[in-house]
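Colleague: I have just opened this one and would like a short tour. Where should we begin?
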Amino acid sequence: MSTPVNHRIRLASRPHGVPTPEDFVHDSAPLPVPGPGEALLRTLHVSLDPYVRGRMSDARSYAAPMEIGDVIVGATVAEVVASEAEGLAPGEIVLGYGGWQEYSVEPAATLRRLDPAVAPVTTALGVLGMPGFTAYAGLRAIGRPQEGETLAVAAAAGPVGSAVGQIARLRGARAIGIAGGDRKVEHLRGLGFDEALDHRAPDLPGRLAGAAPHGIDVYFENVGGAVWDAVLPLLNEYARVPVCGLAAQYSATSLPEGPDRSGQLLGQVLSRSLTLRGFIQREFREEMHEDFLREMTAWVQDGSVRYTEDVTQGLDRAPEAFVGMLRGDNLGKALVTLD
């Protein structure tokens, strides 16, 4: 019987613009061996997330860039194959951070056990994982939607945006979702969004103004670009803007053309007493993560929050699925299931 090997996808070069196949290298290596307090994990599912594009570059950011040759980073759902940690047994299913590879060794203390009886284990990568917590924490700490207010969210058909809109409605707010294409717009309507707009259709500013006749009180920013341009004039006095992503800029290679409008933006912030607050979900984990797991799990179980997964089969297809996600091809949470 042949000895198992670890198939991996590593960073071959730093992308210039949208990543290409040449930026990834597929290879194999001997299985890693766990040391004391560690476990050998077999990857079942890999999360695909926009932030990974930033870590492929060497620009200064909130997280260290990957080095050339590193395994592409990402959260994983995995099965414990061997354990050198007390209390963690082979066969258990855990949430880890093994990245784009078939096997990984991780400290047991960093793993979270998953119970398939509570929810499908893939939800730990989406609605009950980092994307869901991003939505929950950004709204609770910064957006604070109130009964009768209007919330708008970009990339609303993705795992963060869809959770944002549904949580806002549970808090009594109107939810306007902005997404790309008829399929996503129909999906948002099926999730119960009060309004759903296609940002690719003509006159987004006019259609958004019609959908928000009393202005926008909370705008959850995932994209930037033209959507932000349409939202800014509609922000009410004291509006709150949690900023968790700028997907329209992740693969940009130069600044946009046109005049510097930062002064205009600051003038609007001042005159309307706006709150713009960038955040990374990890800063709220100690304070809110237990509350998130309790509340969001209950909402998922009773159907108050629904989710969709966009699944690609096979590790070798991860790069093409990742680039497709950056283009906005996915509907819901993008993940790769290993064969």
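Modeller: Helices (H or I, at least four residues) and strands (E, at least two) are DSSP runs, numbered from the N terminus. This is a predicted model, in which local features need pLDDT of at least 70 and side-chain atom pairs count only at pLDDT 80 or more, while totals for chains, interfaces and linings use all residues. Residues are numbered from 1 along each chain as its sequence is written, and side-chain values use heavy atoms, with hydrogens and water left out.
Colleague: OK, what phi does G172 take, just after α3?
Modeller: G172 has a positive phi of about 95°.
Colleague: And why is α3 called largely enclosed?
Modeller: Nine of its twelve residues are buried (under 20% relative accessible area, 1.4 Å probe, protein chains only), so the rest of the structure largely encloses α3. Among those buried residues are V160, V164 and I167.
Colleague: What covers them?
Modeller: The cover includes α2 (130–143), β8 (150–153), β9 (174–179), β11 (216–220) and α8 (285–302).
Colleague: Switching topic, which residues touch the most other members of the largest nonpolar core?
Modeller: In that core of 37 residues they are V164, L188 and M296, where a nonpolar core is a set of buried Ala, Val, Leu, Ile, Met, Phe, Trp, Tyr and Cys residues joined through side-chain atoms within 4.5 Å. The helix α2 gives the most to this core, with six residues.
Colleague: Which residues does L188 touch?
Modeller: Leaving out residues up to four places away in sequence, L188 is in contact (heavy atoms within 4.5 Å) with A156, A157, G177, I178, A179, F193 and A196.

Terms used
Buried means under 20% relative accessible area, exposed over 50%, partly exposed in between (1.4 Å probe, protein chains only).
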